[in-house]
Amino acid sequence: MPATDIVTSPVTDIVKLKVAKPLAGIKPGKVWLVGAGPGDPELLTVKAVRVIERADMILFDNLVSQEIRNLFPASTPAFYVGKIKDAHSIPQAELNELLVEKAQTGLNICRIKGGDPFVFGRGGEEMLRLKQSGIDVELVPGVTAAAGCTSYAGIPLTHRGVSQGCTLVTAHAEKELGINWASLAQMDHTLVFYMGLSKAGMISQKLQAAGLSGDTPAALIENGCCPQQRVVRGQLHELAELVEREAVQSPALIVVGQVVNLAEQLDWFTNLSSEEITSRKQLQKLSA
Ligand SMILES: C[S@@+](CC[C@H](N)C(=O)[O-])C[C@H]1O[C@@H](n2cnc3c(N)ncnc32)[C@H](O)[C@@H]1O
C-alpha cells in the first residue's frame, strides 16, 4: 500500500467542495460510513481498507490517525471534516448535507471516523440523512475505543468473577447529560467514559455520591492503541487529581471498575519489544 501525502483540507476547501452542483441524470454514488478503530492501522478491517482504496473521495475525522491517513491513495481527494473540542471544521448538519450533495454527483464516498461510527460517532445521524435522500449507504464497523484501548492497556472489559458486564457512557452531551448515576454505581461492573477528561472530577464525585466506593480502581488511557499510549492508574476518588498531575491529554478514556487491577498482570503493550514500538514511532514521525 502506498505511503503518501494526504490532501489536507482547510475549511475553505470544504466550502469550495460544497458548491459543486449535482449533475442531471447522474446515478448517485454510494457512501460507506467506515470505522477506523482507535489508531493502530493494523486494527482496520479488511473491508475498511478495501473501501479506502476504491472510494472516489475520502472525508475523514481528527481521530483517524496519521498512519491510517497514509493509506489513503495519493490520487483520491481526501478532506478533513473533523471536530475537536470547540473547533468544528464544519457543523454536523452541513456535513450531512455535503455527504448527500457529493453522493448525488455520482461520487462513491468513504466517510471514515475514529473507532466505530455507531458508538458516539454520529454515524446514525449521517446514515439517517443519507437514507432520507435515497442514497445507498453501508456501514463498516470499527474497533471502538472502549474495546481497543482497554485491550492495549491490559484491562479486560469483563472478567469471570470480577465484572459481569460493561457500560459505555459519554460524558459529553449537546444539552443535558442525563446520566443515571445511581444505576451506574449499582451495576458493580466496568464503566467506560468517552469524552470525560474535562469532567473527571464530576464523574468521580457523582459516582461516589451515588454509592460507588472512592477506592474503586480507575484508569485513564491516553492515545490508546498508538505508540505513545499512556495508562494512568489510580482510584476513583483521585480521578481529577490524576488528570491534572499527569497532564492527561485528549483523546482519553476513563475506565472505572475492579478489572483495572488486572492490568498489573495482563499489561502486554508496555512490554512489547521496544524495537517494535520505536519502529512504529519512527514511521509516525516520517509520515507527520
Ligand atoms: C467522539 S468520541 C468517538 C468515539 C469513536 N466513535 C469510537 O467508537 O471509539 C471521541 C472519544 O473517544 C475516545 N477515544 C477515541 N479514540 C481514542 C484513543 N485512541 N485513545 C483514547 N480514547 C479514545 C475519547 O474519549 C474521545 O474523546
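In this predicted model, strand S2 (residues 57–60) and strand S6 (residues 109–113) run parallel and are joined by four bridges. Within this pairing, Leu 59 has Arg 111 of S6 as its bridge partner. Helix H2 (residues 46–54) packs on the sheet, where it touches strand S1 (30–35), S2, S6 and S7, and its direction makes about 135° with that of S1. Helix H4 (residues 92–104) lies across S1, S2 and S6 and runs at about 155° to S6.

Stepping back to the whole sheet, S2 and S6 belong to an open arrangement of five strands in the order S3-S2-S6-S1-S7, with parallel pairing. Strand S3 (78–80) and strand S7 (136–140) form the edges, each pairing on one side only. From one strand to the next, the twist averages 20°. As a reminder, strands of a sheet pair through backbone hydrogen bonds, in either a parallel or an antiparallel fashion.

The antiparallel case appears around strand S10 (217–222). Six bridges join S10 to S11, and these two strands run antiparallel; here the bridge partner of Ala 218 is Gly 234 in S11. S10 is also joined to S12 by five bridges, again in an antiparallel manner, with Ile 221 bridging to Leu 253 of S12. Five of the six residues of S10 are buried, so this strand is largely enclosed by the rest of the structure.

Some backbone details deserve a closer look. Most residues other than glycine have a negative phi, and most peptide bonds are trans. Cys 225, in the loop between strand S10 (217–222) and strand S11 (230–235), departs from the first pattern with a phi near 70°. Is this residue buried or exposed? Cys 225 has 24 other C-beta atoms within 10 Å, and a residue counts as buried at 20 or more, so Cys 225 is buried. Asp 188 likewise has a positive phi, of about 55°, although it is not a glycine. Asp 188 sits in the loop between helix H7 (181–186) and strand S9 (190–194). With 12 other C-beta atoms within 10 Å, and the exposed class covering 12 or fewer, Asp 188 is therefore exposed. The peptide bond from Ser 250 to Pro 251 is cis, its omega being near 0°; Pro 251 falls in the loop between helix H9 (239–245) and S12.

Turning to the ligand, which residues come nearest? Of the 22 residues around the ligand, these are Gly 115, Gly 121, Thr 144, Ala 145 and Gly 224. Helix H6 (145–152) and strand S12 (252–256) are the elements that give two or more residues to this shell. The shell comprises 13 nonpolar, eight polar and one charged residues. Domain 1 (11–142) and domain 2 (146–266) each supply at least three residues to the shell.

At the level of the full protein chain, there are 11 helices and 12 strands. Of its 288 residues, 39% count as buried. Among contacts between residues at least 6 apart in sequence, 75% join residues at least 24 apart.

Definitions and conventions. Residues are numbered from 1 along each chain as its sequence is written. This is a predicted model: local features need pLDDT of at least 70, side-chain atom pairs count only at pLDDT 80 or more; totals for chains, interfaces and linings use all residues. A residue is near a molecule or strand if its C-beta atom, placed from the backbone, lies within 6 Å of it. Ala, Val, Leu, Ile, Met, Phe, Trp, Tyr, Cys and Pro count as nonpolar, Asp, Glu, Lys and Arg as charged, and the others, Gly among them, as polar. Domain bounds come from an automatic or database domain assignment. Two strands pair if DSSP finds at least two bridges between them. Axes are lines fitted to C-alpha atoms, for helices over the stretch in contact, and angles run from 0 to 180 degrees between N-to-C directions. Two residues are in contact if their C-beta atoms, placed from the backbone, lie within 7 Å.
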